[in-house]
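Me: Could you walk me through this fold? I'd like to go question by question.

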Amino acid sequence: MSRPDTLVQAARTAEEAGFDSVWAGEHLVLPDPQVPPSPSAPQEPLLDSLLALTWAAAHTTTIRLATGIVILPQRNPVLLAKEVATLDVLSGGRVMLGVGAGYLEPEFRAVGANFAERGAVTDEYLDAMRTLWYDEHPEFRGRFAGFGGVDAHPRPVQRPIPLVVGGHSAPAYRRAVARGHGWYGYWLTPAQAAESMAGLAGAAEFAAIGVHRLVLLADPDPDGAARAVEAGLAAVAGLR
């Protein structure tokens, strides 16, 4: 969906149909030639997620605008905090920030990001961004980011910005439970969805996070939706 008119049509159609959110994923670059686990051919025209959602925001009024997901350790947290806050202001408080730690080493290498410690970087960047969004006098000192004696306005309209965590690993489940307001699942079979629900439940005594309308199943069978609900999902966004 890289054409501006197609993007607008999809966002408006979703809004008119009563969907609560539209989602934009990202890969800054892709391995060429394509090799597993790369999800797409390198020639796939993938738009920048936040810019695409800004375009969608300008042509809609109520639908929420979500990243599914931003690969957080590949971004500068100060710059990303400004971009997300800006979109939240311009859209009237409609942003949902989905983040993940990433998994394509060639992509990390291309942008000079820390692949080996990407989980720790993700957690630290989340803390740094929250400081810029919500603290009266933002200051942060960490291993991977640090600032002080600065401020960043405008602040987001939402306090807090809803945070959704993607990933299918034990650290991702722990991050979703400890830091997020929801978990993002993508292109899952019912069995994989059930496995992820078990992983989330195991990450805490009970996983008090939202999965409502955040799971896209890979099973084209309509009965797959029912099986997913039986597996413990609150709702299903759609089927491909």
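Here come some questions with worked replies.

Me: Before that, what sort of model is this, and how are residues numbered?

Reply: It's a predicted model, where local features need pLDDT of at least 70, side-chain atom pairs count only at pLDDT 80 or more, and totals for chains, interfaces and linings use all residues. Side-chain values use heavy atoms, with hydrogens and water left out, and residues are numbered along each chain as its sequence is written, from 1.

Me: Which residues of helix α2 are buried, and how are they arranged around its axis?

Reply: Helices here are DSSP runs of H or I with at least four residues, strands are E runs of at least two, and both are numbered from the N terminus. Buried means under 20% relative accessible area, exposed over 50%, and partly exposed in between (1.4 Å probe, protein chains only). In α2 (residues 49-58) the buried ones are S49, L50, A52, L53, A56 and A57. Going by directions from the helix axis to the C-beta atoms, these buried residues fall within an arc of 160°, so they line one face of the helix.

Me: Which residues of α2 are exposed on the other side?

Reply: With one side of α2 taken up by buried residues such as L53, look across the helix. The exposed residues there are L51 and A58.

Me: What is the handedness of the crossover from β1 to β2?

Reply: Strands pair if DSSP finds at least two bridges between them, and β1 and β2 pair in the parallel sense over 4 bridges. Right-handed means that, with the strands pointing away from the viewer, the path from the first strand over the helix to the second runs clockwise. The chain goes from β1 through α2 to β2, and this β-α-β crossover is right-handed.

Me: Which helix gives the most to the largest nonpolar core?

Reply: A nonpolar core is a set of buried Ala, Val, Leu, Ile, Met, Phe, Trp, Tyr and Cys residues joined through side-chain atoms within 4.5 Å. The largest one has 42 residues, and L65, V84, L97 and W133 have the most contacts inside it. The top contributor, with 7 residues, is helix α5.

Me: Is E107 buried or exposed, and which backbone nitrogen lies 2.8 Å from its side chain?

Reply: E107 sits in helix α4 (residues 105-111). Its relative accessibility is 1%, so E107 counts as buried. A polar atom of its side chain lies 2.8 Å from the backbone nitrogen of L28.

Methods. Polar contact = N/O pair within 3.5 Å; in protein donor to acceptor, adjacent residues only side chain to side chain.
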